[in-house]
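Please walk through this structure with the sequence at hand. The account below starts from one residue and widens to the whole chain.

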Amino acid sequence: MNEQDTDNNYITGSEQLIGFDRFLREFLASQGLSESTAGIITNIVTGGTIILIAMIAYWLVKVIIVRNVHRLVAKSSVKWDDAVIETRLFARLAHLAPAIIIGGLGRAVFAGNPAVLAVLKVCIALYFIVIVVGVIFSFLDTLYLIAQRGNFLSGLPIKGIVQAFKLVIFLIAAILVISVLFGKSPLVILSGLGALAAVLMLVFKDTIMGFTAGIMLSANEMVRVGDWIEMPSAGADGDVIDVSLTTVKVQNWDKTITTIPAYNLISGSFKNWRGMSESGGRRIKRSIHVDMQTVRFANEEMLARWQKIDLIRPYLDAKLQEIAEDNKKRGADTSILGNGRRLTNLGTFRAYCLAYLKSHPKIHQQMTMIVRQLEPKELGIPLELYTFTNDIGWVAYEGIQSDIFDHLLSVIGEFGLAVYQRPSGADNRALLTSLVADTTAPKPPRA
């Protein structure tokens with residue numbers, strides 16, 4: 001069947017309805033009903049018939065076309081097309097069939113009744129607007145699901161962009177609905193809304209600010225789903241699970257969920273750990289506080305013991321040779337303790353820490369690695385380790401960091417050093433007990 005045959009059938013159907021309308025009107029009039037009553041009943045029956053035909057057309061389209069399309073999608077080997085079923089895109093498209101039928105047949109049948117035709121045109125226009133908006137929304141939802149499940153747009157805040165498009169489409173549809181209901185041009189409606197812009201901005205100030213902030217977050221990629229962010233002012237510390245135009249949801253490490261207005265992220269400050277995740281290394285920055293009273297020059301016994309430690313043997317060989325050559329060049333009298341250069345137990349332990357980090361399999365060797373001595377304070381000399389692990393997982397990171405400091409705290413005694421620690425209650429009790437024992441002990445008799 002070609003297009004001309006379809007048009008002819010469509011015209012024939014309209015003519016049949018017109019003939020049925022005329023026949024029913026004449027039949028009711030012959031039964032003694034007034035012309036107005038017969039016209040009302042005829043319009044109701046004819047309108048009901050058109051609606052029934054439209055419902056049958058919708059059912060046929062839904063059964064024959066939509067279900068077959070869904071079957072083909074379900075059998076498809078690719079997964080992205082499943083989003084078409086989930087968003088009901090074709091089911092909403094099926095609503096176009098009754099709209100077209102009601103519009104076409106109604107205009108033909110009620111052409112001689114201007115009042116009914118005017119109402120019909122308004123209803124069809126509103127119906128078309130609702131259907132088109134629903135179809136566009138489903139299409140945008142389909143794109144969002146495809147992008148969310150794929151990897152090619154995983155770095156973009158797709159949800160916020162989709163919501164922005166939906167908001168624009170909704171505003172356009174609202175203007176069209178108002179123009180249809182009042183019979184005015186959309187340009188006239190827009191000019192009338194312009195006069196209310198100041199009032200609308202005052203009433204919807206928070207919404208407008210949130211909308212603007214959401215666009216800025218999306219455009220600048222400040223926050224993405226999956227980012228770990230910290231915002232103490234909002235009580236947020238965890239993974240971002242949702243980014244919309246007005247809010248950002250964060251699942252904290254205690255599994256609670258904090259909802260942050262998008263405007264707060266723009267106007268305030270927060271920390272995003274995305275850079276750490278993308279770099280592949282997580283920083284360790286922690287100090288061991290060394291008791292200053294245990295720092296001393298290395299003697300022969302210490303050097304002999306340290307030479308047996310594999311990690312610092314190359315360091316000791318190179319350093320001792322360098323010191324010996326420098327002292328010889330200067331003619332320093334090394335028999336005096338303060339003359340010339342010497343190794344210290346703290347410097348050697350610092351070299352051991354660096355060598356230990358370089359040999360550790362869980363330390364990122366391409367990132368900054370420093371073992372440095374900070375300013376001495378009342379808690380001793382801070383010896384800070386500044387390095388990065390090659391595993392950014394929280395549990396793994398904490399385990400690696402703990403293992404490193406467990407080892408260094410255990411080996412520090414081999415270098416004649418002690419870790420500074422404030423006296424505890426047990427230390428004070430032991431000291432008090434020792435003093436009491438000394439005062440109560442019997443004194444030896446005098447000669």
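Which residues does Asn327 touch, not counting residues up to four places away in sequence? In this predicted model, Asn327 touches Ala332, Thr334, Gly340 and Arg341. Asn327 itself sits in helix α14. With a relative accessible area of 8%, Asn327 is buried, because the cut-off for that class is under 20%. Asn339 offers a contrast: this residue lies in the loop between α14 and α15, and its relative accessibility of 30% makes it partly exposed. In sequence, Asn339 and Asn327 are 12 residues apart, while their C-alpha atoms are 8.8 Å apart in space.

The next step is the helix that holds Asn327. Helix α14 covers residues 313-330, which is 18 residues. At 1.5 Å a residue such a helix should span 26 Å, and the end C-alpha atoms are indeed 26 Å apart, so expectation and model agree. Its buried residues are Leu316, Ile323, Asp326 and Asn327. Viewed down the axis of α14, these buried residues fall within an arc of 110 degrees, so they line one face of the helix. The general background is that an α-helix has 3.6 residues a turn, so residues three or four places apart point the same way. On the other side of α14, the exposed residues are Pro314, Lys328 and Lys329. The cover over the buried residues of α14 includes α13 (300-306) and α15 (345-359). After α14 comes Gly331, which has a positive phi, near 70 degrees.

The strands come next. Strands of a sheet pair through backbone hydrogen bonds, either parallel or antiparallel. One open sheet has five strands in the order β4-β3-β2-β1-β5, and its pairing is antiparallel. The edges of this sheet are β4 (257-261) and β5 (271-272), each of which pairs on one side only. Within the sheet, β1 (residues 228-231) and β2 (residues 236-243) are joined in the antiparallel sense over four bridges. Ile229 has Gly238 in β2 as its bridge partner.

Another open sheet has three strands, ordered β6-β8-β7 and again paired antiparallel. Here β6 (282-290) and β7 (370-373) are the edge strands; each has a single partner strand, so one side of each is left without a neighbour in the sheet. From one strand to the next, the twist averages 15 degrees. Strand β8 (residues 381-389) runs antiparallel to β7, and four bridges join the two. Arg372 has Glu384 in β8 as its bridge partner. Helix α16 (residues 394-411) lies across β6 and β8 and runs at about 25 degrees to β6.

These parts belong to a protein chain with 17 helices and eight strands. Of its 447 residues, 31% are buried. How much of the contact pattern joins residues at least 24 apart? Among contacts between residues at least 6 apart in sequence, the share is 63%. The accessible surface of the chain comes to about 27500 Å², and carbon and sulfur atoms account for 62% of that area.

Technical notes: Residues are numbered from 1 along each chain as its sequence is written. This is a predicted model: local features need pLDDT of at least 70, side-chain atom pairs count only at pLDDT 80 or more; totals for chains, interfaces and linings use all residues. Side-chain values use heavy atoms; hydrogens and water are left out. Buried means under 20% relative accessible area, exposed over 50%, partly exposed in between (1.4 Å probe, protein chains only). Contact means heavy atoms within 4.5 Å. Accessible areas come from the Shrake-Rupley method with a 1.4 Å probe; for residues, only the protein chains shown count as cover. The expected span of a helix is 1.5 Å times one less than its number of residues. The arc is that of the directions from the helix axis to the C-beta atoms. Two strands pair if DSSP finds at least two bridges between them. Axes are lines fitted to C-alpha atoms, for helices over the stretch in contact, and angles run from 0 to 180 degrees between N-to-C directions.
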